[in-house]
Amino acid sequence: MGESTVHSGVRRPAAASRAAHRRGTAGQHPAGERHRCHDHHNVVRDHWIDTARQATTYRTGRLLLAGEAAHVYASVGGQGLNVGIVDAANLGWKLAAVACGWVGEDILDAYTTERHPVAARLLQNTRAQIALMRPDPQTRALWEMFSDLMDLDDAHRCVADMLAGMDVRYDLGHDHRLVGTLCLDMKLTLERPGPSVVTAVIRSVDLLCEGRGLLFDLVNRAEACDAATGWTGRVNTVTARTGRVDIDALLIRPGGCVAWALPAGQGGLDAITRVRALGTWFGQPA
C-alpha cells in the first residue's frame, strides 16, 4: 500500500491508497452499519449508513447517561469509545464529590454542559467521514481534494487534534487559554520527595490516580501551595519543576481538566479567580 506519514496519531493517506480510492476500490469501508439489500433484479448491494445519534440531555434527576447510552457513532477511528471514556472520567469524580458532601448536586449539571457539545461535534465529524466514503464520482472528487489538503501541516494538525480529542475546551468562565482544556501529561521533577531521596521524576498523570484535585506549584512559590490549605483531603498540592515556562501554577480537576492557571511571572496569585475555582469544584473550605 505504500508508506504513510503519521502525526498526532492520525495517518495520512499514502499515494497508493489515494490511487486505490480513485479506482473505486476504497468505496467499501468497515464504518457505520452495513446493510445488505436486494433490488428488483435480485442483485445484492452493500450499503453503509451513519447511525449517529445523541441524547438531548445527559441528566434527568438521578438518571445519568454516559458513553454509548448517551451517544452512538459510526466506528471510524474508535472516537466514540474515547469520548465515552472521557464521559466517565468527567462524571465519576463529580458523583464522588456529591456523595462525599463536598458540593451540591448542581455540579452534576456541569456534566451535560461540558460533554454534550463534545459529543455533538463528534457526531458531526463522523457523519462527514462516512460521507467521504461514498463511492460515487462526486464524493471521490471531494475525497481527493480533502486528501490533498491533509498534506498541509496546519490542516493535518487541526484534523489530528480533533480526532484525538485534544482540541476540547470547556467553558469554565476564565479566559486563560489553558483553563477548560485537558491538561497534557507533564514530566515533573520533585525536590526531596522523601527523607532519603533528593529528586524524583514522575508523570503528572500518575498523580491523578488518587481521584483528588491537584494544585501544581511549578516555580517553588510557597503561597501557591498554601492557597489550597482549606481544601486538604480534596486537593493535593505538588511542588515540582517542569519544562513549561508559560505558567507558574495550575489547578487540575480529578478528571484532568485545568480549572485555574497562573501565568508565568504574574506578581499576585489571582486570589479571587483561584478561590472561585476551588469553591466551584471542591466546595467550601473546611
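Across this predicted model, pLDDT averages 79 over the chain, and 79% of the residues score at least 70. One stretch calls for some care: over residues 1–48 pLDDT stays under 50, although the model has 85 contacts beyond four places in sequence for these residues. Where pLDDT is low, the predicted coordinates should not be read in detail.

A good place to start exploring is the interior. The largest nonpolar core has 32 residues, and those with the most contacts inside it are Leu-215, Val-235, Leu-251, Trp-260, Trp-281 and Phe-282. Two or more residues of this core come from each of helix H2 (79–99), helix H3 (109–132), strand E13 (247–252), strand E14 (258–263) and helix H7 (271–282). Helix H3 gives the largest share, five residues. Beyond its neighbours within four places in sequence, Leu-251 is in contact with a list of residues that includes Leu-215, Val-235, Trp-260 and Phe-282. There is also a second, separate core of 15 residues, with Met-186, Ile-247, Leu-250 and Val-258 among them.

Helix H5 (residues 153–164) offers a friendly exercise in helix geometry. At 1.5 Å a residue, its twelve residues should span 16 Å, and the end C-alpha atoms are indeed 16 Å apart, which agrees. The buried residues of H5 are His-156, Val-159 and Ala-160. Viewed down the axis of H5, these buried residues fall within an arc of 100 degrees, so they line one face of the helix. An α-helix has 3.6 residues a turn, so residues three or four places apart point the same way. Just after H5, Gly-165 adopts a positive phi of about 75 degrees.

Notes
Residues numbered from 1 in each chain as written. Predicted model: local features only at pLDDT ≥ 70, side-chain atom pairs only at ≥ 80, totals over all residues. Heavy atoms only, no water. Core = buried A, V, L, I, M, F, W, Y, C linked by side-chain atoms within 4.5 Å. Buried < 20%, exposed > 50% of the residue type's maximum accessible area, 1.4 Å probe, protein only. Helix = DSSP H or I, 4+ residues; strand = E, 2+ residues; numbered from the N terminus. Contact = heavy atoms within 4.5 Å. Expected span 1.5 Å × (residues − 1). Arc of directions from axis to C-beta. pLDDT = per-residue confidence, 0-100.
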